[in-house]
Amino acid sequence: MKIIFAGTSISAAAILDTLYNSEHNIVLILTKPDLHSGRGMKLNFSPVKKYALKHSIKIIQPISLKLNGKYHKIANETHKLLNKIEFDIMIVMGYGLILPYNILKIPYYGCINIHYSLLPRWRGPAPVPRAIEAGDIFTGVTIIKMDSGIDTGPIISQNSIRILPEDTSLTLQNKLEKLSKILIIDTIKKIEYDMTKLFFKPQSNIGESYAPLIKKNEAVLDWSLSAKTIMRKINAFNPFPGAKTYYISYQNKKKFLKIWKAHALSIESTKKPGTILNVNFHNGILVVCGKNVIKLLELQKNNKKKISATEFINGCIKNIKYFISV
């Protein structure tokens, strides 16, 4: 099958690799324009563009696909190109641009989207961290035939996995990536064999929710929350943007650090949330929460590397009086 692939993210590059190494033919790749980032504002390519260049696959990088928008000339050129190219299906994964209806209707088999949630739960751009943050027990991969809504199209295939208490957004995304590689190849085979025999399940409005992008200010911890809630936030915001907390030093200065790994305990305490309850090499760093106590396992001071709680106790903990919520 001749495929156009639309994607930008690291996960999208992994799916692209699976498709490229299958029996199918990638005839074109759409990815978002290059971005300037970092202190030197260096021009950076997306993971998908890097993969395409390495394997000499044709790429286009339109800034928009809206024919009536600010960049309508670029969008119009892209539409004309897609109408000229001979292809069967478009596979979309972590692209970052909305595909208008007049693009969705171009390929014979339509546009197929891979989404990391059990739709209709967690539509939108950040389903993995939102599922962890909410304390969901299960998540999964859903493949839909795209319509004009955001992740609202009929479901072609879906598979679930359990979210473990220790899962971070990174570990969970890696698991979903493996699952999606199997699911997309199987789905393409079914579409190619006989699309008329596929059952397209309309999404229900029951249980629908939206997963907005993570903002950096969301990652600031509130110690009045329960230990389990705080642990979920730490896991959800790993690797981006990293759970952040402020503390008061023994010089009475407000500073911050990041917490990358922690474990909620069933220990109760009447002390004020943010109080350091206990510090030793066996139990680690125990901090009082609004309900129960949390054990900090991996931390990072500003502009320093991540270190274990044991290393932190050796060199850094003596300067922290208590943690605060802001």
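Is His24 buried or exposed? Select His24 to begin: this residue is buried, with a relative accessible area of 6%, where buried means under 20% relative accessible area, exposed means over 50%, and partly exposed lies in between (1.4 Å probe, protein chains only).

Before going further, note that this is a predicted model, in which local features need pLDDT of at least 70 and side-chain atom pairs count only at pLDDT 80 or more, while totals for chains, interfaces and linings use all residues. Residues are numbered from 1 along each chain as its sequence is written, and side-chain values use heavy atoms, with hydrogens and water left out.

**Around His24**

Staying with His24, you will find this residue in the loop between helix 1 (10-20) and strand 2 (25-30); helices (H or I, at least four residues) and strands (E, at least two) are DSSP runs, numbered from the N terminus. Show the neighbours next: not counting residues up to four places away in sequence, His24 touches Met1, Ile3, Leu19, Ile188 and Glu192, contact meaning heavy atoms within 4.5 Å. The side chain of His24 also reaches the backbone nitrogen of Met1 at 3.2 Å.

**The annotated loop**

Now select Ser117, Leu118, Leu119 and Pro120, which UniProt lists, in an unreviewed entry, under "binding site"; such annotations may be inferred rather than shown by experiment, and the positions are given in the numbering used here, with feature names shortened. Ser117 sits in the loop between strand 7 (111-115) and helix 5, and Leu118 lies in the loop between strand 7 and helix 5 as well. Ser117 is buried, at 0% relative accessibility, whereas Leu118 is partly exposed, with a relative accessible area of 25%. Leaving aside neighbours within four places in sequence, Ser117 is in contact with residues including Trp122, Pro127 and Thr139, while the contacts of Leu118, on the same basis, include Phe138, Gln158, Asn159 and Ser160.

**Helix 7**

Move on to helix 7 by selecting residues 227-236, and colour them by burial: 8 of the 10 residues are buried, among them Ala227, Ile230, Met231 and Lys233. To see what covers these buried residues, display helix 5 (127-134), helix 6 (169-194), strand 10 (243-249), strand 11 (254-265) and strand 14 (293-301), which are included in the cover.

**Salt bridges**

The last stop concerns salt bridges, each being a side-chain nitrogen of Lys or Arg within 4 Å of a carboxyl oxygen of Asp or Glu, and by this rule the count comes to 9. Select Asp34 and Lys49, whose side chains meet in a salt bridge at 2.9 Å, N to O. Asp34 lies in the loop between strand 2 and strand 3 (35-37) and Lys49 in helix 2 (residues 47-54), so the pair ties together parts that are 15 residues apart in sequence. Of these partners, Asp34 is partly exposed, with a relative accessible area of 23%, and Lys49 is buried, at 10%.

Next, select Asp167 and Lys175, which form a salt bridge with the closest N and O atoms 3.0 Å apart; Asp167 is buried at 3% relative accessibility, while Lys175 is partly exposed at 31%.

Within helix 6, look for Lys190 and Asp186, which lie 4 residues apart, about one turn of the helix, and form a salt bridge with the closest N and O atoms 3.3 Å apart.

Finally, select Arg130, Glu133, Glu218 and Lys233 together, since these residues are linked in a network of salt bridges.

Notes. A polar contact is a pair of N or O atoms within 3.5 Å; within protein, one must be able to donate a hydrogen and the other to accept it, and residues adjacent in sequence count only if both atoms are side-chain atoms.
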